[in-house]
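Please open the structure in your viewer and keep the selection panel at hand. The tour below goes from stop to stop, saying at each one what to select and what is there.

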Amino acid sequence: MSPNRLENHRAERFSALYDDSYVDVLRFLARRAPLDAAEDVAHEVFLTAWRRFDDVPTLRDEARAWLFGTARNCLLREWRESGKRNDLSVRIADAEHTTPFSDEARAADTRLDLATAWRRLDPSHQEVLSLAIWEQLPSALAGTVLGISAQSYRVRLHRARAALRQHLEEPTPPPHSPSTVTEHQA
């Protein structure tokens, strides 16, 4: 291939990668940072991918894992450079702590319990669970994102699931329940 055709082929492959993965990378980052920061970091991820395109795996799932690992590293670097010392925690949709008044109370309670249990998890457990649940990566690829072996990832995933189950089993009274109000007034 001539240099011009080679460059066109590379640009087409990169464009396909971008089209296929940008939304996934943005979602991955938006669960870890505010949307405006996530968008900036997503652009940095794809700039890195363009510069190191020969390092990007050709298989779709492996390429996604490579991009998620790059996104994680870019976000950590961004936080270090900005002086923030935040944990790399994964956020789930915020749930309001309100007392449900409808028949859908159980579903709302379950979402509240899950949101509360999620916030209680260690950020490393959140990260491991999110790779399995939201990014739907198999153990080998999730381990690649974290820079660990598939076996180490599976051990961490087992521990994270156990921690989430434990937090879900612990009763948490709503912040404005009658028992909480009585305790504070006493």
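## A tour around helix α6

Begin by selecting Ser139, Leu141, Ala142, Gly143, Val145 and Leu146, which are the buried residues of α6. With six of its eight residues buried, this helix is mostly covered. While you look at that selection, bear in mind that the model is a predicted one.

Next, add the elements around the helix: what covers the buried residues of α6 includes α3 (60-81), α5 and α7 (150-169). Two of these neighbours, α5 and α7, are the next stops on the tour.

**Stop one: α5 against α6.** Select helix α5, residues 123-133, together with helix α6, residues 139-146, and look at how their axes, which come within 10 Å, cross at roughly 140 degrees. Because angles over 145 degrees would count as roughly antiparallel, this crossing falls short of that class, and α5 is oblique to α6. The crossing of the two helices is right-handed. Now show the side chains where they touch, with Glu127, Val128 and Leu131 on the α5 side and Ala142, Val145 and Leu146 on the α6 side. Sorted by class, the residues of this contact are five nonpolar and one charged, with no polar residue among them.

**Stop two: the loop between α5 and α6.** Before leaving this pair, select Gln136, which lies in the loop that joins α5 to α6. Its phi is positive, at about 55 degrees, although Gln136 is not a glycine. Is Gln136 buried or exposed? With a relative accessible area of 62%, Gln136 is exposed.

**Stop three: α6 against α7.** Now hide α5 and bring up α7 beside α6; here the helices pack at an angle of about 95 degrees, and their axes are 8 Å apart. That angle makes α6 roughly perpendicular to α7. To see the contact itself, select Ser139, Ala140, Ala142, Gly143 and Leu146 in α6, and then Ala150, Tyr153, Arg154 and Arg156 in α7, which they meet. By class, this contact holds five nonpolar, two polar and two charged residues. Ala142 and Leu146 deserve a second look, since they appear in the contact with α5 and also in the contact with α7. Then move on to Gly147, just after α6, where phi is positive at about 75 degrees.

**Stop four: the whole chain.** Zoom out and display the full chain, which has eight helices and zero strands. Of its 186 residues, 37% are buried. Among contacts between residues at least 6 apart in sequence, 63% join residues at least 24 apart.

**Last stop: confidence.** Finally, colour the chain by pLDDT, whose mean is 81, with 76% of the residues reaching 70 or more. Which of the elements has the lowest mean pLDDT, and which the highest? The lowest, 47, belongs to helix α8 (residues 178-185), and the highest, 94, to helix α2 (residues 35-51). Select residues 93-101 as well, where pLDDT stays under 50 and the model has eleven contacts beyond four places in sequence. Then select residues 179-186, another stretch where pLDDT stays under 50, for which the model has four such contacts.

How values were computed:
Residues are numbered from 1 along each chain as its sequence is written. This is a predicted model: local features need pLDDT of at least 70, side-chain atom pairs count only at pLDDT 80 or more; totals for chains, interfaces and linings use all residues. Side-chain values use heavy atoms; hydrogens and water are left out. Axes are lines fitted to C-alpha atoms, for helices over the stretch in contact, and angles run from 0 to 180 degrees between N-to-C directions. Helices (H or I, at least four residues) and strands (E, at least two) are DSSP runs, numbered from the N terminus. Angles under 35 degrees count as roughly parallel, over 145 as roughly antiparallel, 65 to 115 as roughly perpendicular and the rest as oblique. A crossing is left-handed if the near helix is turned anticlockwise from the far one by less than a right angle, and right-handed if clockwise. Contact means heavy atoms within 4.5 Å. Ala, Val, Leu, Ile, Met, Phe, Trp, Tyr, Cys and Pro count as nonpolar, Asp, Glu, Lys and Arg as charged, and the others, Gly among them, as polar. Buried means under 20% relative accessible area, exposed over 50%, partly exposed in between (1.4 Å probe, protein chains only). pLDDT is the predictor's confidence in each residue, from 0 to 100.
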